[in-house]
Amino acid sequence: MNDSPEYLKKRAFFDSLLTIYGRKPVLEALEDHSLPVHKLHLADSNRKDQLITRIEQLASARNIEIAHWDRKGLSRISKNARQDQGVALDLALPHYGSAETFLETPHEKPFELLALDGITNPQNLGMIIRSACAGGIDGIILPRKGCAQVDPLVIKASVGTLFKTRILRCDQLAPVLEKFAVKGARVCALSSHAKDTLRTIGDDKPTIFVLGNETHGVSTAVENVCTHRLRIPMQNGVESLNVAITAALISFRHQH
């Protein structure tokens, strides 16, 4: 395995790239000068309509590299041939990486992460990112499938905090959480029937809090690898909270 400093630097850079696609999302991203854009990808087959012309103008004005591809080449970049509309854009996010790389990295003190299992609402994802950033959570594990993906809607809902938050990608959540557990991390699912609460869980070892789907909760595969169950005490017969509110309570549990 190549572990030269140059290779590791290059790998870290490519791990930090987030590719968005679709004409309107790409146009909106190019119009937002706060977004760190790396490269624009266009299909040769695109018709020169107003949107494509505007996208090219914005990229040129910002001195962004433009790469042209055949449809197959572009679909390899967007990974969504049905919805990319012949356009993709690489954003270079400074705190974007992989969950497995984070696991392999030595940490000075026990970390706290959120892991998202089937969070499909972009607004919820954006608000979770914002709460995690404000509360000092060390990162968010976000699977590539089954969850809302980082796009302009999520960026907007996060109110810019996406660029200050460590987002850790993985293909499937359950196997990655199992690796964290094997390395000694507590993997906590929230359950109204649990004995322990957010207050009783210590900060003496690495801890991951799993947030489940807005309707169905934590999936069976992820539930099976969780090492702990926690509940948030609630009164007046309230059974559950919006997942973004839950993320905020977890993120600020040490604040006084």
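1. In this predicted model, helix α4 has several buried residues, namely G73, L74, S75, I77 and S78. These buried residues of α4 pack against four strands, which are β1 (17-21), β2 (37-43), β3 (65-69) and β4 (87-92). As general background, an α-helix has 3.6 residues a turn, so residues three or four places apart point the same way.

2. Where does S78 sit, and is S78 buried or exposed? S78 lies in helix α4, which covers residues 71-78, and S78 counts as buried because its relative accessibility is 6%, where the cut-off for buried is under 20%. When neighbours within four places in sequence are left aside, S78 is in contact with T19, Y21, D84 and A88.

3. The side chain of S78 also reaches the backbone nitrogen of N80, at 3.1 Å. Just after α4, K79 takes a positive phi of about 60 degrees, and a student following the chain on screen may wish to look at K79 together with the S78 to N80 pair.

4. How many disulfides does the model contain? The count comes to 0, with the sulfur atoms required to be within 2.5 Å of each other. For C133, the closest cysteine sulfur is that of C147, and because the two are 19 Å apart they are too far for a bond; C133 counts as partly exposed, at 25% relative accessibility.

5. C226 can be read in a similar manner. The closest cysteine sulfur to that of C226 belongs to C188, and because the distance is 7.7 Å, this pair is too far for a bond. At 9% relative accessibility, C226 counts as buried.

Technical notes:
Residues are numbered from 1 along each chain as its sequence is written. This is a predicted model: local features need pLDDT of at least 70, side-chain atom pairs count only at pLDDT 80 or more; totals for chains, interfaces and linings use all residues. Side-chain values use heavy atoms; hydrogens and water are left out. Helices (H or I, at least four residues) and strands (E, at least two) are DSSP runs, numbered from the N terminus. Buried means under 20% relative accessible area, exposed over 50%, partly exposed in between (1.4 Å probe, protein chains only). A polar contact is a pair of N or O atoms within 3.5 Å; within protein, one must be able to donate a hydrogen and the other to accept it, and residues adjacent in sequence count only if both atoms are side-chain atoms. Contact means heavy atoms within 4.5 Å.
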